[in-house]
Amino acid sequence: MRRSRTTAAGAAAVAVAATLLAGPSAGTAGAAEPERLVIDLATDTGAFHGGASGSLYGVYGDGVPSRNLIEGMRLRTVSTKAQDGPQHPGADALEMLPPFVDSGGEDVYIYMTDIYRGFPYQWPGADGPARLADFKEKIAKQVRQVMTMGDYKDHVVYVPFNEPEGNMFGTGAWSYDNVSWLDDPQEYFSAWKEVHHLIRSLDPAARIAGPNTSLLFDQVKGFLRYAKDNGVVPDVMTWHELSSPAAIRTSVARYRGWEKEIGIGPLPVNVNEYGHNYHLSVPGQVVQWVSAIEESKIDADLAYWNIDGNLNDSAVEANKGNGQWWLFNAYGQMSGHTVRVTAPHPNVQYTLQGVATLDESKKQSRALFGGKSGDADVVFRNVDPGLFGKTVHATVQEIPWTGQVGDSAQPLRLTDRKVEVGADGTVTLPMRGMNEMSAYQVILSPGGGGGVQASPSVGWRGTYEAEDATYTGSGYSRNGPEGTPSDVGKFATSGAYNVGGLRTGSDGVLAFDVDVPQDGTYDLSVFANSYNLYGLVKERGPTNVFLRVDGEDPQELRLPLGYKWVVWGHTDTTVRLSAGRHRITLAAKDPDLGVTRGDAIIDRMDLRLRDAHVTQPALYEAEYATLHGTRPAYTRAGASGPGTVPLTGGASATFWVHSPADGESTVSVDHLGGGRASLALNGEKLQLPLAGGDKKGTDRVRLFLSGGVNKITVTGESGALVLDRLRVAPSRGTLVPSVYPAEKGSLSGAVKATDTYRFANGGKAVTDIGAGTANALTLDVVAAQSGRHALTIRYSNGEQAPATHYNPDPVARHADVSVNGGPAHRVLFPTTFHFNDFRELTVPVTLRTGTNRLTFTAEELPDFDGDTYNQYDQRSPYAPVIDQVAVTPLSAR
C-alpha cells in the first residue's frame, strides 16, 4: 500500500518560523552552506516604479473585478480592447476606464485592432488598401469616442497595431499583401505613418504606442529609424515578452542601446504581455518576473491566456484575491527607492530571485522574493544605524499559492522579532523549508523602540499530494506532468501530478494517511478542479464527493469549477482529529450520503491545526499600512509592533483586510490616544462615533465585510490620534441579516421560479429576469433603522459567449437594482462557471426605516453610440439567476 507523505510544502511554515524565532544556527558540520539572497541597502537603483502591476484584459467593467481589488493590487496599466470590439465579452475600453482611473490606475492602452473579430484580425476589404481604409475609419471613430470622456481621456494610450508581423502585416490570409513586414517593411511603415497622423489630427495630445510586436525583433530598430525620420516616433514603446524574466532585462537593455544609437528617447516602455500559464497565479513564479520588470523600470502587463475580468488569474469572483493578488498587494505597498539585490543565481529563472526597496522617510525596507524550495539566507547589508538603530524589527510573511480560482487570506505571518544588527552592518534571516510556489516578504523597521513580538499566524500544517495517496476502486488516472519549466503552456500543479477517478458511476476512494501532532480541530482544504464545460460537469454543475475520517463522520463536499481542466481552487471544511495517525478519504460513494455526480481531479489535501495561531484576530499594523499625509513613528512606548502612525487632520492609514465570507466582523482600533479619527469602509465614510480619545485605548466596531478584500481607512479628524493597529475577527449577533428567498418576491412578465438548480437554497431560484424592464423581480425588505445596508445577492451565472480562439469567454451578467423606485444602479455579476453553482455578491444600499422595495431588472446595453448592439452574444440582456437576497446593517458600534 502506498502511503501519503508530508511534503516540503507542508512543512515550510513550521520550519521557517521556528528557525527565525530561534535565531541563526551554527549549522551542521559538513552541511552545504545555504544559498544567499543579498540586499544592499546602500546601493540605490532608482525610484520605486511599480510597473509590474499591469494587466491585459484584466478588467471587465465596473465591479468585475471590484474597485477594492484594482486599487489594492496597485494596478498601474491595463491593455484592453477597443470600445465595442467583438474580440471578447466585456473589457470595453471606455467602460472600464472610469472605474480603473478612479481606483488609482494610470493608463489604459486601447488595442484598436480589437475592433475586429478573430485572431488574426478579420479586417474586411478586397485588398490591402481597402482593408486599411476600413481600419482608418474605425480608428477615427474610436478617437472621437475617447474625446468625449473628459479628463479620463488623458489616461488613454492608443495602440494602433497588435503583433503586426503575425496579423495585418504578416503572411496569413488576413494580411495586407501576404508579405511580412519583417522581410519588407514598406507597407507597414507607411500604414504606421498614416494612422499616426490620423490619430494626432483628431487628438493633438494623443499618446500613441507601438510597434507592439510579439517580441523585440531586430527589425524594430529599423522601425525606430523610420519613425524618427518621419516624425512618427511612438510615445510609448511596446512589445511582448512571452519568454522569461531574463529576456525582460536583456531586451530592455538592447532597446535602450538602440535609442542612444538612433538618438531618440528615452521613451517609456510597456511590455504589455508577460508570463505563461505555468507562472500565472503562482507567487513564487511571478515574483521572478516582478523582479526583472522593476529592475528595468518599465511597465508590463500580465498576459491574457484565460478569462478576462479576473486580473489575469489574480481575482476570484468579484472581490476575492488569490495568492498572486496578495503578492501584487505587497509589491504595490513598496515605496521609496529600489536597492541592489544579488541572487544566488542572478537572472536565472526558477531559482531564488527578489526585489527590495528602502524608504528613508518611513524608515522601512521591504523585500519580496521566492522561486526556490528548501533553505536560504536573506542578508541585508549596510543597514544604516542612523536610520534603523542597532536593532531592527523583522516581520516575515509567506504568500502561498492558492490556485487560479482559490481565495487566499492575507499573507501568513511566520515570525515577528527583533534582530541585532551585526558589527559589519548586516542582518541575516535564515529561511528554512521554503516552498518554490510561495513568495515571501520581509519588512525591516527600527527595533529599538517599543513593540512586542507577534506570534505566528499559523502553527502546524501539512500537505499531502493526491498522487501519493492510496486509490482503490474503478476509474483511476494519474495525470501529468502538468506545467513545468519545459512546458509553460500548462497550468502549475502541486507536485506536477494530480489524480482523477471520482466521477459519476465510479466506486473510487482516494485515501490520505496523515499523522497529526495533537488533539484538536483542523482546517482541511481539498485542491481540486472540474472543467465547467466537460460532459457530466456541464450537465450537473459542481462535482460532489464524500469525506470521512477513519471511516466515520461523513461530509459531502462540492469541488471547485474552473474554465479549463487543471485550473485549481480549494474546498474547505474542518475535521476533528486526535493526536496520531488517521486515514482521510474522498469517495465517489457514501452509504449514508449518496453518490458523486460529475467528474473531478484532485491535486492535494492540506491540513492546518486550528489553534490559537489561527483563531486569534488578524493583526494589521498601522506602520505597515498605506499612509497618506503622515509617516510612522518608532519611539512611542506601549505600541504593539515596532511603530505607530500619528493621524492629524486629513492624514490617513488604509488597511487591506481579508474576510473569509460576507458577514459581520469585529474591528478593534488600537490607539495610544492624542486625538480622534473617522472610519471608512470600501470608500464609504461610516456614520459611527469617532475612534480615539485622550488616552490609550481600543474602539471596537462591528462592520459588515464583503467576502475577500476590504478597504478600511482611518482618517484623522481632530488632534493627532496615535494609531497602533487594527485587529479583525469574524463575529456574529450584532449585524443580523434578514434573508429573503427570491421565489417569495413578486415575479412579473417572463420571470419565473424554477427548481432546476439543486444547489439553490431551498431548491428554488428565480430566472429570466431581463430582456426588458417588464420582466422583473420585486422584493419587499424591512430595515430596523434608516441608513446604509449591505445587500447580499446569492446568484449564479453560467453564460458563456462563443469564442474564436483559446480564451474561454464567460459573460458577466448584470442586474439594474432600484430601491424604492429610485434610479437603478447597474451591478455586474462575474461568472460562477455554471448556473447550478451559486456565489454571493454584496453591494451597499441606502434603506429607510420599515419596508423598502427592491426591484431587479435587466436589459442589453447598446454599443457606445447607443444605436447598435453586439451581434456575438457578448452582452447579455439578462440578470443572473437569483436565489436569495439578504439585508444587513453596514456597521454598528
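In the predicted model, Asp313 is located in the loop that connects β9 (299-302) with β10 (315-316). The phi angle of Asp313 is near 65 degrees, a positive value in a residue other than glycine. Most residues other than glycine have a negative phi, and most peptide bonds are trans. Asp313 has a relative accessibility of 1% and therefore counts as buried, the limit for this class being under 20% relative accessible area.

A positive phi is also found at Asp768, where the angle is about 70 degrees although the residue is not a glycine. Asp768 belongs to the loop between β48 (765-767) and β49. With a relative accessible area of 25%, Asp768 is partly exposed.

Strand β49, which follows the loop of Asp768, spans residues 777-783, and five of its seven residues are buried; the strand is therefore largely enclosed by the rest of the structure. Strand β49 takes part in an open sheet of five strands, arranged in the order β46-β49-β54-β51-β52 with antiparallel pairing. The edges of this sheet are formed by β46 and β52 (825-829), each of which pairs on one side only.

Two partners flank β49 in the strand order. With strand β46 (residues 746-747), β49 pairs in the antiparallel sense over two bridges. In this pairing Leu747 stands opposite Leu777 of β49, and Ser746 is placed opposite Thr778 of β49. With strand β54 (residues 850-857), β49 is joined by seven bridges, and these two strands likewise run antiparallel. Here Ala783 stands opposite Gly850 of β54.

A helix pair was also examined. The axes of helix α8 (residues 283-296) and helix α9 (residues 323-332) come within 10 Å and cross at roughly 30 degrees. This angle makes α8 roughly parallel to α9, because angles under 35 degrees are counted in that class. The crossing of α8 past α9 is right-handed. On the α8 side, the contact is made by Pro283, Val286, Val287, Val290 and Glu294, which meet Gly323, Gln324, Leu327, Phe328 and Tyr331 of α9. By class, the contact comprises seven nonpolar, two polar and one charged residues.

Cis peptide bonds occur at two prolines, as follows. Phe119 and Pro120 are joined by a cis peptide bond with omega of about 10 degrees. Pro120 is found in the loop between β4 (107-111) and α4 (128-146). A cis peptide bond with omega of about 0 degrees links Gly480 to Pro481. Pro481 lies in the loop that runs between β22 and β23 (498-503).

The loop on the other side of β22, between β21 (470-472) and β22 (477-479), contains Tyr476. Tyr476 has a relative accessible area of 33% and is therefore partly exposed. In sequence, Tyr476 and Gly508 are 32 residues apart, while their C-alpha atoms are 7.3 Å apart in space.

Technical notes:
Residues are numbered from 1 along each chain as its sequence is written. This is a predicted model: local features need pLDDT of at least 70, side-chain atom pairs count only at pLDDT 80 or more; totals for chains, interfaces and linings use all residues. Side-chain values use heavy atoms; hydrogens and water are left out. Buried means under 20% relative accessible area, exposed over 50%, partly exposed in between (1.4 Å probe, protein chains only). Helices (H or I, at least four residues) and strands (E, at least two) are DSSP runs, numbered from the N terminus. Two strands pair if DSSP finds at least two bridges between them. Axes are lines fitted to C-alpha atoms, for helices over the stretch in contact, and angles run from 0 to 180 degrees between N-to-C directions. Angles under 35 degrees count as roughly parallel, over 145 as roughly antiparallel, 65 to 115 as roughly perpendicular and the rest as oblique. A crossing is left-handed if the near helix is turned anticlockwise from the far one by less than a right angle, and right-handed if clockwise. Contact means heavy atoms within 4.5 Å. Ala, Val, Leu, Ile, Met, Phe, Trp, Tyr, Cys and Pro count as nonpolar, Asp, Glu, Lys and Arg as charged, and the others, Gly among them, as polar.
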